[in-house]
Amino acid sequence: MTEFPRDAILVVVETRASGELEKAAAGLFGAAAAVGTPIALVLASPGAGSAAAAEAAVLGAARVLVAETPDPSALGVSGVDALVAAVELTQPDAILISHSLNGRDLAGRYAARQRAAISVDAVGVSRDDEGVVAHHSVYGGAYNVTSTSTFGAPVITVRQGSIEARATAQPPASETLDVTGSGKPAARIDAFEEAVAATSRPELRGAAKVVAGGRGLGSEEQFALVGQLADTLGAAVGASRAAVDAGYIPASQQVGQTGVSVSSQLYIALGISGAIQHRAGMQTAKTIVAINKDSDAPIFEIADFGVVGDLFKVVPQLISALEARKK
């Protein structure tokens, strides 16, 4: 029987449609390496397991367990079956999963089936004398709290983009995980239509740089200034709820309590007042820059750098300066 490290941290990662690992994988392995030995469970689409296992080793997995989905049309159940088998085999100190839509679904299903403790939307992990601890930013970033379990390995979903650390690449060492299907009922996809969105910008969730606009842009046409700065920086575009409600940008780009939570390296807020609901979704960004003509705007309370001025004058100058530095 294969032996696994006593300080094993099971990192669950999925493959994207391209066959590559999900974007959050690097951060998950970085978090795991800080508290133990990363062991990967790769949930792969049929035929993608070998390449995904090699990528997991490059990202820091000391060992890789590969579970290719037997029935891609069935939702959820096969992933939980694989996770149950992986936990029984590795006996990890903790289970780390991305706080993505699929990750949250998998974590919740597993915790319910196995009666396991779960800590959601962590922005960091550490280890104390009792075991692995999850760190959270709650109540709109007003408090930092910790959580853990008093029994078994905690299931921790990690906010995308929140972990800066990266693990050291490891020699490839993978094996196919023997999974016994539970036979539990699963929802199925009978048909779907692919919707192709052509954009060169990063996905908002998990982006390293984000430029977000608020009501202060004034109109959908003027909101284009946000995109211009984002393209100059190679950043994702976000928005406050006020900008979304005004119709400047689709709701999928909303950052905040009722939108996407980001923990980017750089967050630039243009014309955003900084209501608590918005701050809840971006306050854990590493560097926050705010540009607003209202010197009393709450966004300045959390900004690392602030510019009080007309964004329609400031931002074009900023874009010009950035473009000049590229030459």
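**Exercise 1. Asp121 and Arg115**

Task: State in which element Asp121 lies, decide whether Asp121 is buried or exposed, and give the sign of its phi.

Solution.
- Step 1. In this predicted model, Asp121 is part of strand β5.
- Step 2. The relative accessible area of Asp121 is 19%. The cut-off for buried is under 20%, so Asp121 is buried.
- Step 3. Phi of Asp121 is near 55°, which is a positive value in a residue other than glycine.
- Step 4. Most residues other than glycine have a negative phi.

Task: Place Arg115 and classify it as buried or exposed.

Solution.
- Step 1. Arg115 sits in the loop between α4 and β5, the latter spanning 118-122.
- Step 2. Phi of Arg115 is also positive in a residue other than glycine, near 55°.
- Step 3. With a relative accessible area of 65%, against a cut-off for exposed of over 50%, Arg115 is exposed.

**Exercise 2. Helices α3 and α4**

Task: Describe how α3 and α4 pack, giving the angle and the distance between their axes.

Solution.
- Step 1. Two packed helices are described by the angle between their axes and the distance between the axes.
- Step 2. For α3 (residues 77-90) and α4 (residues 101-114), the angle is about 60° and the axes are 9 Å apart.
- Step 3. Angles from 65 to 115 degrees would count as roughly perpendicular, and those under 35 as roughly parallel; α3 is therefore oblique to α4.
- Step 4. The handedness of the α3 and α4 crossing is right-handed.
- Step 5. On the α3 side, the contact uses Val77, Gly79, Val80, Asp81, Leu83, Val84 and Val87. On the α4 side, Leu106, Arg109, Tyr110, Arg113 and Gln114 take part.
- Step 6. Sorted by class, the contact of α3 with α4 holds seven nonpolar, two polar and three charged residues.

**Exercise 3. Helices α5 and α8**

Task: Work out whether α5 and α8 are roughly parallel or oblique to each other, and list the residues that meet.

Solution.
- Step 1. The axes of α5 (residues 224-233) and α8 (residues 311-326) come within 10 Å and cross at roughly 20°.
- Step 2. Since angles under 35 degrees count as roughly parallel, α5 and α8 are roughly parallel to each other.
- Step 3. The crossing in which α5 passes α8 is left-handed.
- Step 4. From α5, the residues in contact are Leu225, Gln228, Leu229, Asp231, Thr232 and Leu233. They meet Leu311, Phe312, Val315, Pro316, Leu318, Ile319, Leu322, Glu323 and Lys326 of α8.
- Step 5. By class, the contact of α5 with α8 has ten nonpolar residues, along with two polar and three charged ones.

**Exercise 4. Two serines in loops**

Task: Find which backbone oxygens the side chain of Ser149 reaches.

Solution.
- Step 1. Ser149 belongs to the loop between β8 (143-147) and β9 (155-158).
- Step 2. Its relative accessibility is 14%, so Ser149 counts as buried.
- Step 3. A polar atom of the Ser149 side chain lies 3.2 Å from the backbone oxygen of Phe151. The side chain of Ser149 also reaches the backbone oxygen of Gly152, at 3.1 Å.
- Step 4. With neighbours within four places in sequence left aside, Ser149 is in contact with Ala117 and Pro154.

Task: Locate Ser100 and identify its contacts.

Solution.
- Step 1. Ser100 is in the loop between β4 (94-98) and α4.
- Step 2. Ser100 counts as buried because its relative accessibility is 12%.
- Step 3. A polar atom of the Ser100 side chain is 3.1 Å from the backbone nitrogen of Gly103.
- Step 4. Beyond neighbours within four places in sequence, Ser100 is in contact with Glu22 and Gln160. Ser100 and Gln160 are 60 residues apart in sequence, while their C-alpha atoms are 7.5 Å apart in space.

**Exercise 5. Ala236 and His278**

Task: Classify Ala236 and His278 as buried or exposed, and list what each touches.

Solution.
- Step 1. Ala236 is in strand β12 (residues 236-239), and His278 is in helix α7 (residues 276-279).
- Step 2. At 0% relative accessibility, Ala236 is counted as buried; at 5%, His278 is counted as buried.
- Step 3. Leaving aside neighbours within four places in sequence, Ala236 is in contact with Pro202, Glu203, Leu204, Ala207, Lys209, Val210, Val211 and Ala230.
- Step 4. Not counting residues up to four places away in sequence, His278 touches Ala239, Ser240, Val255, Gly256, Tyr267 and Ile272.
- Step 5. Ala236 and Glu88 are 148 residues apart in sequence and 40 Å apart in space, C-alpha to C-alpha.

Note on methods:
Residues numbered from 1 in each chain as written. Predicted model: local features only at pLDDT ≥ 70, side-chain atom pairs only at ≥ 80, totals over all residues. Heavy atoms only, no water. Axes fitted to C-alpha atoms, helices over the stretch in contact; angles between N-to-C directions. Helix = DSSP H or I, 4+ residues; strand = E, 2+ residues; numbered from the N terminus. Parallel < 35°, antiparallel > 145°, perpendicular 65-115°, else oblique. Left-handed = near helix turned anticlockwise from the far one by under 90°. Contact = heavy atoms within 4.5 Å. Nonpolar A, V, L, I, M, F, W, Y, C, P; charged D, E, K, R; others polar. Buried < 20%, exposed > 50% of the residue type's maximum accessible area, 1.4 Å probe, protein only. Polar contact = N/O pair within 3.5 Å; in protein donor to acceptor, adjacent residues only side chain to side chain.
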